[in-house]
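Visitor: I have a model open and I'd like to learn how to read it feature by feature. Could you walk me through it?

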Amino acid sequence: MVKFLDLGLQPLANSYLKKKNLNRKEKKFKLEVAFNSKNYLVSIVNTVPKEKMFNNMYPYKSSESKTMQKSFKNLTKKIKQNFKTDFIIEIGSNDGIFLKNFNKQSVVGVEPCKNLAKLTKNINYTTYSEYWNIKLARKITKNKKADLIYSANTLSHIKNLNEIFKAINYSLSDKGILILEDPSLLKCIKNVAYDQFYCEHIYVFSTISLKNILNNFDLEIFDIQNLSTHGGSNRYFIKKKINKNFQIKNSVKNEVKKEIKFGLQKISTFKKFAKKVKKSKIKLLNIFKKLKKKKLNIIGYGATAKSCTILNYCKIGDKFIDYFYDTTSYKINRYLPGSKILIKKYKKLNKKNVDIVFLGAWNFKEEIFKKEKDFIKKGGKFIIHIPTPKII
Ligand code: TMP
C-alpha cells in the first residue's frame, strides 16, 4: 500500500458534541489514504473500531432526503421488473428507505445501528440489529438462499471485505443477484472530493478494484449504472460466475475504460490528486478570510460527515462559520466534531441575516438550491469547494 494523502488528525465524523461536552478532549485519529497497486483498492490507513461508529446513536437517516427517496423508488421499480424478489436481504437497511418498498414477508434487513433497526422492527419488517458476517448469513439463510442481496453505502464502511463477500456468496442463491451501490472513486478523484474520506469510509471503490475483489469470490459485475447520489456513485449489478442468465453489458467495459483512461490503476494519479487537495485547502481558506474581512455573515448548510473532514483539514472553525443548519433532529443543538461549530434547526435561508452559505451537503446541491430559490433570487450566495472552491 502506498500512502498518497494525509488529511491530518480528525475526530470521529459522526460524533456530534453536546454543549456540556465541548471542553472534553475528543478522540482523534490520523486520516491517511493509500493505494494498493495490486488490486487498485483505495482505502484509509488507520481504521476506527466499528462499535465506536455504528451503535445506537447513529445520526444519519437516508429518508431525510428527497433525492435519496427518489433514487430508491426508481431502483425498486427496476428490480421488480427485472429480477426475482421472493427473498431479499438488505445489508445496512438504515431507516428502511429501501425495505419499505417491498412486502414484509419477502425482505430482511440487517442494520447494526440499534436506533435505526428499531424503526423498521417497529413496523414489523424483520431486521437483525447485528453486523453482517458469515454467522449471521447462516442464520438468515438457513432454509432458503436469497434471490437478491442489496447494499447501498455500506460495504465501503466495512473493513473485512473477505468476511463480507464470503457471507454474501454463502447466502446468495446461484441464480441470485447482488446489487451494490457506493460512491465512485472516479467521481471522487475527478471532483477533488477529498471529503469522501472520513473514518466511516474505509474504502472508496473503483470498478477495477471491485472487479478484482469479486473475482476472488467467483462473482462478477454484469451491469453498472452511474448515479448522481452522494456526489457521484455507481450501482453495480453482480452475479455468480456460474449464473449464465445475464449477459455482461457494455456498461461494464465502458466504465472500466473510463477508469483506466483516467489512470485509476496508477499511483501517479493519486499523487496528483493529493497536490490538488492541498491547493483546494489554500483556496477555500482564502475565500473565507476575504469574506470575513468584509464582515459578512457566513453559515453552513448540511452538517455532513464529509464537512467534518473539510473543516478539520482546513482548520475552519466558528471564527469563519457562525453556525450550521441541518434538518436531522439528532444533530440539532449539537456541535460539529473538531471544529465545534453549533448546528441549528434548519430554517429557510433569509437574506436579512445570512450573506453567504458554505454548502456542507454539496452532494444535495440541486435539492437545496431548489428549496432556497428565494434566497438565491435575492442575491444570496453559496461557497462550494467541489470541484474547486468558489462562490456561486
Ligand atoms: P450526507 O451528505 O452524509 O448524505 O448528509 C446530508 C446532511 O445534510 C444530513 O445531515 C441532512 C442535511 N441536509 C439538510 O440539512 N438539508 C437538506 O435539504 C438536505 C438535502 C440535507
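## Reading the model, feature by feature

Guide: Sure, and keep in mind that this is a predicted model. Let's begin at the end of a helix: K315 comes right after α10, and its phi is positive, near 55 degrees.

Visitor: Why is a positive phi worth flagging?

Guide: Most residues other than glycine have a negative phi. K315 is a residue other than glycine with a positive phi. Its place is in the loop between α10 and β13, and K315 is exposed, with a relative accessible area of 65%.

Visitor: Where is N124, and what is its phi?

Guide: N124 has a positive phi of about 65 degrees, and it isn't a glycine either. You'll find N124 in the loop between α3 (114-121) and β6 (126-128). At a relative accessible area of 58%, N124 is exposed.

Visitor: And the peptide bonds?

Guide: The general idea is that most peptide bonds are trans. Here, look at I386 and P387: a cis peptide bond joins them, with omega at about -5 degrees. P387 sits in the loop between β16 (381-384) and β17 (390-391).

Visitor: Back to α10. How many of its residues are buried?

Guide: Buried means under 20% relative accessible area. In α10 (residues 305-314), ten of the ten residues are buried, so the helix is largely enclosed by the rest of the structure. The buried set even includes the charged-type residue K306, along with N312 and Y313.

Visitor: What covers the buried residues of α10?

Guide: The cover includes the strands β1 (2-11), β2 (28-35), β13 (324-326) and β15 (356-359), plus the helix α9 (267-293).

Visitor: Which residues of α7 are buried?

Guide: In α7 (residues 207-215), the buried ones are T207, I208, S209, L210, I213 and L214. They pack against two helices, α5 (161-171) and α8 (250-262), and against the strands β8 (172-183), β10 (219-227) and β11 (233-240).

Visitor: Can I do the same for a single residue?

Guide: Yes, take T76 in helix α2. T76 counts as buried, because its relative accessibility is 5%. Leaving out residues up to four places away in sequence, T76 touches F98, N101 and F102. The C-alpha atoms of T76 and F102 are separated by 8.2 Å, and the two residues are 26 apart along the chain.

Visitor: Now salt bridges. What's the idea, and what do I find here?

Guide: Side chains of opposite charge can pair when their charged atoms come close. With a cut-off of 4 Å between nitrogen and carboxyl oxygen, the count in this model comes to 15 salt bridges. One of them joins K3 and E32, whose closest N and O atoms are 3.4 Å apart. K3 lies in strand β1 and E32 in strand β2, so this pair ties together parts that are 29 residues apart in sequence.

Visitor: Which other residue does E32 meet in a salt bridge?

Guide: E32 also meets K30, at 3.9 Å from N to O. E32 is buried at 9% relative accessible area, while K30 counts as partly exposed at 39%. Put D6 into the picture too: K3, D6, K30 and E32 are linked in a network of salt bridges.

Visitor: Is there one that links distant parts of the chain, and where does it sit?

Guide: Try K84 and D147, with their closest N and O atoms 3.4 Å apart. K84 is in the loop between α2 and β4 (88-91), D147 is in strand β7 (residues 146-152), and they are 63 residues apart. K84 counts as exposed at 52%, whereas D147 is buried at 6%.

Visitor: What about charges on the surface? Which residues form the positive patch?

Guide: The patch is formed by K66, K70, K348, K352, K370, K371, K373, K377 and K378. The elements giving two or more residues to it are α2 (66-82), α11 (365-371) and α12 (373-377). K352 has its place in the loop between β14 (343-345) and β15, and K352 counts as exposed at 79% relative accessibility.

Visitor: And D374, is it buried, exposed or partly exposed?

Guide: D374 counts as partly exposed, at 42% relative accessibility. D374 is in helix α12. From C-alpha to C-alpha, D374 and K351 are 8.9 Å apart, with their positions 23 residues apart in sequence.

Definitions and conventions: Residues numbered from 1 in each chain as written. Predicted model: local features only at pLDDT ≥ 70, side-chain atom pairs only at ≥ 80, totals over all residues. Heavy atoms only, no water. Buried < 20%, exposed > 50% of the residue type's maximum accessible area, 1.4 Å probe, protein only. Helix = DSSP H or I, 4+ residues; strand = E, 2+ residues; numbered from the N terminus. Contact = heavy atoms within 4.5 Å. Patch = residues over 30% accessible without salt bridge, like charges linked within 9 Å, V, L, I, M, F, W, Y side chains within 5 Å. Areas by Shrake-Rupley, 256 points an atom, 1.4 Å probe, with all protein chains shown as cover. Salt bridge = Lys/Arg side-chain N within 4 Å of Asp/Glu carboxyl O. Lys, Arg positive; Asp, Glu negative; His and termini not counted. Charge placed at Lys NZ, Arg CZ, Asp CG, Glu CD.
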